Amino acid sequence: MKYILGFLFLVLTYTVSAQNKQLLYNVQELPQSLLSNPASVITFDKHIGIPFLSGFSVEGGSSGVSAYDLFRSDRDINTSIDIAIAELDSKDYFGVNQQLEILSFGWRSRKSEVYYSGGLYHEIDALVYFPKDIAVLAYRGNADYIDRAFDFSDLSFTAESLSVYHFGLQKQVNDSWQLGVRAKVYMSVANINSTDNTGTFVTRTTPEGPNFYSHQLRNVSLGVNTSGIASLFEEEESTEVNEIVSNAFLSDNAGFGLDVGFTHFINDQWLVTGSLIDIGFVRHKADVKNFSARGDYETSGIELEFPGAIQGVETTSYWQELEDEFEDAVTLEDSLSSPYISWRPLKINGSVQYSFGEDRGEGCNCRSKSKRIYKNRVGAHLYSIKRPRGFQTALTGYYEKQWGNKLLSRVTYTYDKRSSKNIGLLMSAKIDKFNLYLAADNLLEYSNLAKARGASLQLGMQLVFNNK
């Protein structure tokens, strides 16, 4: 258990989830748009990212409660926790995500007009669902919940740290379609997941039994898989820092994935896009530690016996007998090292965009069907990510404006489970070949971030070139 708690602490203190890149999706001037759609329209012929600075993003949030809700000054913490437990349900979640581009590059083949791109990035992603029934049982006890079954399936969480090598290509196959694909190799640094738990705990009245109450565990099957974590907490051996760094670039816990996407040009001004990101898995076989508990158990508590003190009869070892009885009924294993597979969270993107305000002084946009340059773009972007308890979805509307050939801005409004007033802003500036962008969302909450249920920050620097 110390491995699990330790890793969650490291993840949650390392970053501030959803992984939605609505501010970068389908931005033609930025190479990062290729990571959310390998067939995204781009207006350049080569890019080289500034190492460790070409792309950084951090995002965190909760679907049902904010820091202000828990620590507001007009009520005590116990009241706040009690209200939060009552309002949250088992589909509410807490998530963090961080991505750091280490290497980024791309070029267009003059002969085939195929744009190739590749690189390496590191990602940390954690998602914890609120364990409603377990929280009620732990915080309020079972005295007021006789005959209510507390469901252990409410316990569900995942967290991972991994590096991703990727290489992709895109090509406009005709006047109407542009297709793209990206291959990925995942190198897992650390992983923990517990998502398929079952079983219930219930207290029932048994007036005819040895005690008035009986406590029952039924169909219990709890499991936690970890890799790359146990060695970090070994007491006898300490893991060297260079071993951890080496594991980030070449790990025995590896996997493969694929991104696919398209852009469909309806006419000069309308286009539709779509993509599937991270169709892949990681196989964990090194530094693996598994925990499990399975079985059924029922107890009516301790039935006290009073031996005759005069005869010198020893007192019964009540707690030891209860422990032995429990261990006979429920199998506990904490020393397994069975390999397992974790699936990457699939991301789905789709958008429709309309361009207007033709700029007749800038020549042609030779990388798209229309061959024309438009100063303004409006669109809608639908995003969904597959999580253990279903898809988490967000809908974004955006307006993008090109200010000459040096400055670009995008304003977004996003609606999802975390917020209905999420306003975001992207600013991108180009100085000769150097490009810099900065993006943030939930801007209305920046005056008091404690009240925000989610926020993200993205920035990057790269060199962008044109052949002409």
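# Worked exercises on a predicted structure

Lys347 is a buried residue, with a relative accessible area of 5%. The model you have open is a predicted one, so please read the exercises below as questions about that model.

**Exercise 1. Find the salt-bridge partner of Lys347 and describe where the two residues sit.**

Step 1. Look from the Lys347 side chain to the side chain of Asp278: the two meet in a salt bridge, with 2.6 Å from N to O.

Step 2. Place both ends on the chain. Asp278 belongs to strand 11 and Lys347 to strand 15 (residues 347-358), so this pair links distant parts of the chain, 69 residues apart.

Step 3. Check the burial of the partner. The relative accessibility of Asp278 is 2%, and buried means under 20%, so Asp278 counts as buried.

Step 4. Look at the backbone of Asp278 too: its phi is positive, about 65 degrees, although Asp278 is not a glycine.

**Exercise 2. Work through the salt bridge of Glu445, then find the network that salt bridges build.**

Step 1. Start with the count: 18 salt bridges turn up in a search of the whole structure.

Step 2. Glu445 has Lys421 as its salt-bridge partner, and their closest N and O atoms are 3.6 Å apart.

Step 3. Glu445 lies in the loop between strand 20 and strand 21, while Lys421 lies in the loop between strand 18 and strand 19, so the bridge ties together parts that are 24 residues apart in sequence.

Step 4. Compare each end with the cut-offs. Glu445, at 13% relative accessibility, counts as buried. Lys421 has 45% and counts as partly exposed.

Step 5. Now the network: salt bridges that share partners join Glu123, Glu160, Lys184, Asp259, Asp278, Arg344 and Lys347. The pair from Exercise 1, Asp278 and Lys347, is in that list.

**Exercise 3. Decide whether each end of the Asp133–Arg148 salt bridge is buried or partly exposed.**

Step 1. Confirm the bridge: the side chains of Asp133 and Arg148 meet with 2.8 Å from N to O.

Step 2. Locate the ends. Asp133 is in helix 4 (residues 132-140) and Arg148 is in the loop between helix 4 and strand 5 (150-151), 15 residues apart.

Step 3. Asp133 has a relative accessible area of 10%, so this end is buried.

Step 4. Arg148 has 27% relative accessibility and therefore counts as partly exposed.

**Exercise 4. Describe the surroundings of Gln462.**

Step 1. Gln462 is part of strand 21, and at 1% relative accessibility it counts as buried.

Step 2. Its side chain makes a polar contact of 2.8 Å with the side chain of Gln32.

Step 3. Leaving aside neighbours within four places in sequence, Gln462 is in contact with residues including Leu30, Pro31, Gln32, Ile48, Ile50, Phe434 and Tyr437.

Step 4. For a second polar pair, turn to Asn191 in strand 7 (residues 177-194). The side chains of Asn191 and Tyr340 are joined by a polar contact of 2.9 Å. Asn191 is buried too, with a relative accessible area of 4%.

**Exercise 5. Locate the nonpolar surface patch and the elements that contribute to it.**

Step 1. Select Trp403, Leu407, Val411, Leu425, Met427, Leu443, Tyr446 and Leu449: they form a nonpolar patch on the surface, with about 660 Å² of accessible area together.

Step 2. The elements giving two or more residues to the patch are strand 18 (407-415) and strand 19 (422-431).

Step 3. Take one member, Tyr446, in the loop between strand 20 (434-440) and strand 21 (454-465). At 38% relative accessibility, Tyr446 counts as partly exposed.

Step 4. Asn442 is found in the loop between strand 20 and strand 21, but at 4% relative accessibility Asn442 counts as buried. Its phi is positive, near 55 degrees.

**Exercise 6. Sum up the whole chain and say how confident the prediction is.**

Step 1. Count the elements: the protein chain has six helices and 21 strands.

Step 2. Of its 468 residues, 46% are buried. The chain exposes about 23,000 Å², and carbon and sulfur atoms supply 59% of that area.

Step 3. The average pLDDT is 85, and 85% of the residues score at least 70.

Step 4. Treat the start of the chain separately: over residues 1-17 the pLDDT is below 50, and this stretch has 47 contacts in the model beyond near neighbours in sequence.

Key. Residues are numbered from 1 along each chain as its sequence is written. This is a predicted model: local features need pLDDT of at least 70, side-chain atom pairs count only at pLDDT 80 or more; totals for chains, interfaces and linings use all residues. Side-chain values use heavy atoms; hydrogens and water are left out. Helices (H or I, at least four residues) and strands (E, at least two) are DSSP runs, numbered from the N terminus. Buried means under 20% relative accessible area, exposed over 50%, partly exposed in between (1.4 Å probe, protein chains only). Accessible areas come from the Shrake-Rupley method with a 1.4 Å probe; for residues, only the protein chains shown count as cover. Patches are made of residues with over 30% relative accessible area and no salt bridge: like charges are joined within 9 Å, nonpolar side chains (Val, Leu, Ile, Met, Phe, Trp, Tyr) within 5 Å. A salt bridge is a side-chain nitrogen of Lys or Arg within 4 Å of a carboxyl oxygen of Asp or Glu. A polar contact is a pair of N or O atoms within 3.5 Å; within protein, one must be able to donate a hydrogen and the other to accept it, and residues adjacent in sequence count only if both atoms are side-chain atoms. pLDDT is the predictor's confidence in each residue, from 0 to 100. Contact means heavy atoms within 4.5 Å.
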